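Trainee: I am new to this structure and would like a close look at a single part. Please start with the metal site and follow what connects to it.

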Amino acid sequence: MVETWELRARFAAALARMYGEEVPAYNTLVDVTLQVNHDFAAAHPDSAERLGSLARVSAERHGAIRLGTLDELRNVAIVFGGFGMLPVGYYDLRLTDSPIPVVSTAFRPTDPAELARNPFRVFTSVLTSSDSRFFDRDLEHRITAFLRRRTLFSPELLQWARQSSREGGLPEAEATQFVDAATSAFRLGTDPIDAAWYRELAAISPVAADIAGQGSTHVNHLTPRVLDIDELYRRMTERGITMIDRIQGPPRWSGPPLLLRQTSFRALAEDRRFRRADGSTTTEPVRVRFGEVEARGIALTRSGRAIYDRLIANPEDAHWDREFPHSEDGLYAAGLAYFTYRNEGSTLVRDPIVYEDFLPASAAGIFASNLDSVTGFVSDAPGAEYGQDRLEDAIDHTIEDPFELYHAQQEASRAALSPAYNHRGLPSEPA
Ligand code: OOG
Ligand code: NI
């Protein structure tokens with residue numbers, strides 16, 4: 001029996017191999033990331049592994065995919081379920097400064113032991129095709145009709161996934177087929193793309209064209225985790241790779257790493273085949289897929305996150321140094337971050353919980369900075385409902401609240417302390 005965590009590790013590795021063949025610059029990004037991590041660990045032997053072992057951090061990736069319909073989301077939830085990846089967090093990227101016509105969740109392991117074995121996660125977006133601020137009725141109907149004709153995930157793939165989530169894994173023969181089929185489902189398509197259809201969608205939103213302009217889906221990016229993102233940014237720039245103009249998320253500062261910092265290099269031109277109205281085909285460059293890298297920090301509580309959201313909304317007058325305590329002790333005392341506790345002999349040890357999720361403003365920034373044109377709303381007609389509950393109904397599964405997961409992890413560690421330490425001097429934090 002191959003357990004779900006091992007299926008997940010094999011899936012992440014297979015996607016990385018495939019993506020590295022499709023987008024060689026990804027391999028460069030991973031190489032530079034590993035060098036930065038190695039150098040950082042050598043220079044900071046005491047603190048480098050505070051938020052995860054070098055082995056975990058170096059192997060850690062997230063992927064991003066984009067789907068067309070809630071039915072496709074339902075199926076991908078089944079596929080990811082077979083790898084022990086569950087929906088966590090709801091992100092509405094229509095509500096940000098650069099509105100993108102998608103809503104998103106992330107599929108990831110939720111159990112700390114599963115995260116420790118392999119933390120692979122996939123940021124998953126769905127096109128909001130019935131949001132009339134972006135798409136009029138006629139276009140919505142044509143998008144729906146187009147998407148109804150494609151099948152992203154074969155019946156066998158869904159069968160293996162269901163069996164794996166039911167039984168906690170698969171026998172070796174099926175495991176191999178499952179991983180191969182799941183990986184292939186995200187391979188870049190080679191069938192010619194209908195040029196007029198793609199262009200019509202791209203005029204409204206390049207993201208819509210990427211999602212609904214073709215008969216298959218694909219990995220948009222795979223993201224390695226780096227210990228020093230400023231240094232990574234510098235080294236990539238030094239190699240002549242054009243990075244987007246900034247690092248998303250909290251700025252560099254003297255305190256412990258908070259939440260998530262991300263940056264990317266500009267989407268690369270990839271040749272795709274297009275079919276013209278007269279039936280002839282041409283090859284044209286498409287810029288959609290990019291390289292992203294991220295540094296993960298401590299998970300903030302709701303109060304910590306409220307400060308973060310306020311500061312990030314007004315970066316010009318944000319005084320991070322004044323608003324956040326500069327140490328783990330300070331964050332802990334103010335109830336701003338999550339920690340786990342353990343006994344080591346007679347000592348009580350407190351470890352920070354790493355942030356495993358995403359940030360909506362950063363995600364929208366990453367989307368937007370990689371588009372040649374940002375379009376935004378085309379009308380002010382009221383937007384269709386694509387709330388968390390609609391997504392949950394579609395996939396027939398609750399979307400977990402990240403704060404509740406971190407809180408539960410903190411409380412479980414507290415409950416496991418030896419009685420002498422339990423509840424002594426440990427502030428409790430409201431869920
Ligand atoms: C997803 C963009 C967001 C992140 O890490 O925040 C994202 C996409 O481009 O499909 O990947
Ligand atoms: Ni990403």
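Mentor: What follows begins at the metal site, moves along one of its elements to a pocket, and ends with a second pocket and a sheet.

The model is predicted, and the values below are computed from it. The metal is a nickel ion, ligand 2. The protein gives it three donor residues by name: His 62 and His 221, each through NE2, and Glu 292 through OE. These donors lie 2.1 to 2.2 Å from the nickel ion. Along the sequence, the donor residues follow the spacing H-x158-H-x70-E. Within that pattern, His 221 belongs to strand 8 (residues 221-224) and Glu 292 to strand 12, so the pair, 71 residues apart, links distant parts of the chain.

Take the surroundings of these two donors next. His 221 has a relative accessible area of 6% and counts as buried because that value is under 20%. Glu 292 is buried too, with a relative accessible area of 2%.

Strand 12 leads from the nickel ion to the next feature. This strand (291-296) supplies at least two residues to the lining of the largest pocket, and helix 11 (229-238) likewise supplies at least two. The volume of the largest pocket is about 580 Å³. Its lining comprises 26 residues, and those nearest the centre are Phe 40, Leu 227, Gly 255, Pro 256 and Pro 257. Sorted by class, the lining of the largest pocket holds 14 nonpolar, eight charged and four polar residues.

The second largest pocket holds about 480 Å³ of space. It is lined by 21 residues, with Asp 97, Gln 248, Ile 312, Ala 361 and Ser 362 closest to its centre. Helix 12 (302-313) and helix 15 (360-369) each contribute at least two residues to this lining. Helix 15 gives the largest share, six residues. The classes in the lining of the second largest pocket are nine nonpolar, seven polar and five charged residues.

Last comes an open sheet. Three strands form it in the order 7-10-11, with mixed pairing. Strand 7 (193-194) and strand 11 (281-287) are the edge strands; each has a single partner strand, so one side of each has no neighbour in the sheet. Strand 7 pairs with strand 10 (residues 269-275) in the parallel sense over two bridges. In strand 10, Phe 274 stands opposite Ile 193.

Technical notes. Residues are numbered from 1 along each chain as its sequence is written. Chains are lettered from A and ligands numbered from 1 in the order in which they are written. This is a predicted model: local features need pLDDT of at least 70, side-chain atom pairs count only at pLDDT 80 or more; totals for chains, interfaces and linings use all residues. Side-chain values use heavy atoms; hydrogens and water are left out. On a 1 Å grid over the protein atoms alone, a cavity is a set of points where a 1.4 Å probe fits but cannot get out, and a pocket is an open set with protein on both sides within 12 Å along at least five of seven lines; lining residues have an atom within 4 Å of a point. Grid points are joined across faces, edges and corners, and a volume is the space filled by probe spheres set on the points. Helices (H or I, at least four residues) and strands (E, at least two) are DSSP runs, numbered from the N terminus. Ala, Val, Leu, Ile, Met, Phe, Trp, Tyr, Cys and Pro count as nonpolar, Asp, Glu, Lys and Arg as charged, and the others, Gly among them, as polar. Donors are N, O and S atoms within 2.8 Å of the metal (3.2 Å for Na, K and Ca); water is not among the atoms, so sites may look incomplete. Buried means under 20% relative accessible area, exposed over 50%, partly exposed in between (1.4 Å probe, protein chains only). Two strands pair if DSSP finds at least two bridges between them.
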